[in-house]
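Biologist: Could you walk me through the enclosed space in this model, and then the packing around it? I'd like a close look at one part rather than a tour.

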Amino acid sequence: MKKTLYSLLIGGWLIFFVRMTVLAQPNTASPSAAGKEVRIIKEKIASKVAELTKQEKKVISGRVIEIKDDQITLLTDVTLDEKKRIKIDPELTKFYQLAKGKKREIKRSVISKDDYLIVPGLIFSNVIANTVYRASPYVVSSGRIVAVDKKNYTIDVLTIDKDKYTFDIEKTTRQRILDLKTLGIKKAGFAKLKEGDRLHFVYNPALIDKKNPQKNHYPLMRYLIIPQEYFTN
Amino acid sequence: MKNEVAITIVLGLFFGALLAFFVIGRSQNKPVGRHPVISKPTEVPVQKNKLGKEDFIGLEIESPQNQTVVNNPQLKLIGRASKNSLVVIQTQKGEEAFLDKQGNFEKNLKLVLGENDINVTVYNQKIQTGEQSKLLKIFYFPDR
């Protein structure tokens with residue numbers, strides 16, 4: 001009788017331990033866990049797609065240094081002497097001129113050495129470029145005025161990289177100065193330029209004085225003067 | 001069989017089953033993320049600047065990144081500079097200058113078709129660190 005009683009008691013506890021053993025196994029097949037896994041995989045795929053899209057949106061730009069039948073070589077970084085080759089297809093590649101915020105289709109034959117080109121969507125140099133834009137190059141930089149030539153309407157500017165430039169101030173140059181009272185920007189003239197002032201400027205490197213190219217002499221497109229009094233007052 | 005024995009057996013089975021169901025219920029209510037299916041990404045500890053945000057000196061452009069290609073001509077420039085810096089933003093089409101009292105600045109810029117070089121410079125009157133500049137090259141093509 002006692003044996004039967006003990007057997008039944010052990011049987012009751014056995015149910016409990018069997019359930020516990022089942023629970024101890026990792027529940028990888030549960031719907032919530034599977035859903036989580038699918039979501040993570042989806043996120044990873046989306047992230048990869050975004051990365052590839054970003055790569056496709058890469059743009060290279062630079063000055064043309066060589067043109068061959070189906071290939072144009074650009075100098076993309078003057079300082080590092082970095083060159084990039086772009087492949088073109090007479091049927092596929094379209095060429096546009098960018099000017100005044102608009103694009104106009106041009107013929108491939110118009111492209112010549114020293115032109116500034118922008119090529120979007122190019123990841124590898126052996127991929128044919130779909131679109132090539134020709135644009136006016138310009139440089140945006142800043143420096144300190146080190147000389148003012150009132151006779152010739154030129155100024156010398158020394159940049160933070162110790163590059164010295166001579167700029168012509170022309171009638172078309174947009175001239176601005178920082179108003180020290182309001183810290184706003186107002187119109188300026190050549191008379192406002194003086195040695196020691198900081199200058200923020202924009203110029204077109206294609207318009208270099210070809211008679212003296214070593215002199216870094218350009219007409220100035222626009223400038224903003226930060227008077228030295230801003231730092232001393 | 002005596003009555004006491006029968007009751008003991010029934011109670012033994014009942015409490016065994018009850019305990020089993022209690023443990024099952026608890027384990028099923030646990031959050032999904034704790035299942036060892038895929039390990040949670042390890043959180044990288046954020047290393048704070050020694051100077052702290054308040055004492056930030058210099059220039060940092062948070063957005064956009066250099067060489068970004070956008071299809072919208074409106075660009076929001078977000079950056080950080082030391083407090084009370086004079087921020088000068090120069091582009092091909094214009095220039096902006098303003099005093100950054102808070103040490104965080106935001107400016108909406110209008111882009112031109114193609115390449116946009118944006119030169120951001122900060123000047124600080126009080127701290128003799130000189131000027132700091134950053135040049136961003138942003139490309140705007142509406143059909144991309």
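How many cavities of 30 Å³ or more does the structure hold, and which residues line the largest one?

Modeller: Ground rules first: this is a predicted model, with local features needing pLDDT of at least 70 and side-chain atom pairs pLDDT 80 or more, while totals for chains, interfaces and linings use all residues, and side-chain values use heavy atoms, without hydrogens or water. Residues are numbered from 1 along each chain as its sequence is written, and chains are lettered from A, ligands numbered from 1, in the order written.

There are two cavities of 30 Å³ or more, a cavity being a set of points on a 1 Å grid over the protein atoms alone where a 1.4 Å probe fits but can't get out. The largest has a volume of about 60 Å³, counted as the space filled by probe spheres set on points joined across faces, edges and corners.

Its lining (residues with an atom within 4 Å of a point) takes Y138 from chain A. From chain B come T91(B), Q92(B), K93(B), L109(B), K110(B), L111(B), V112(B), N116(B), D117(B) and I118(B). Two elements of chain B, β6 (104-110) and β7 (114-123), give two or more residues each, and β7(B) gives the most, with three. Strands here are DSSP E runs of at least two residues; helices are H or I runs of at least four. By class, the lining has five nonpolar, three polar and three charged residues; Asp, Glu, Lys and Arg count as charged, Ala, Val, Leu, Ile, Met, Phe, Trp, Tyr, Cys and Pro as nonpolar, and the rest as polar.

I118(B) lines that cavity and is also among the residues with the most contacts inside the largest nonpolar core, alongside I118(A), L77(B), I89(B), F105(B) and V120(B). That core has 29 residues: buried Ala, Val, Leu, Ile, Met, Phe, Trp, Tyr and Cys joined through side-chain atoms within 4.5 Å, with buried meaning under 20% relative accessible area (1.4 Å probe, protein chains only). Strand β8 (residues 132-140) of chain B gives it the most, with four residues.

Now zoom in on V120(B): leaving out residues up to four places away in sequence, V120(B) touches L59(B), I61(B), L77(B), V87(B), V88(B), I89(B), F105(B), Q132(B), S133(B) and K134(B), a contact being heavy atoms within 4.5 Å. Another core, of 17 residues, lies apart from the largest one and includes I145(A), Y165(A), Y203(A) and Y223(A).

As for the chain behind most of these names, chain B has one helix and eight strands, and 38% of its 144 residues count as buried.

Definitions and conventions:
1 Å grid on protein atoms, 1.4 Å probe; cavity = no way out; pocket = protein on both sides within 12 Å on 5 of 7 lines; lining within 4 Å. Buried < 20%, exposed > 50% of the residue type's maximum accessible area, 1.4 Å probe, protein only.
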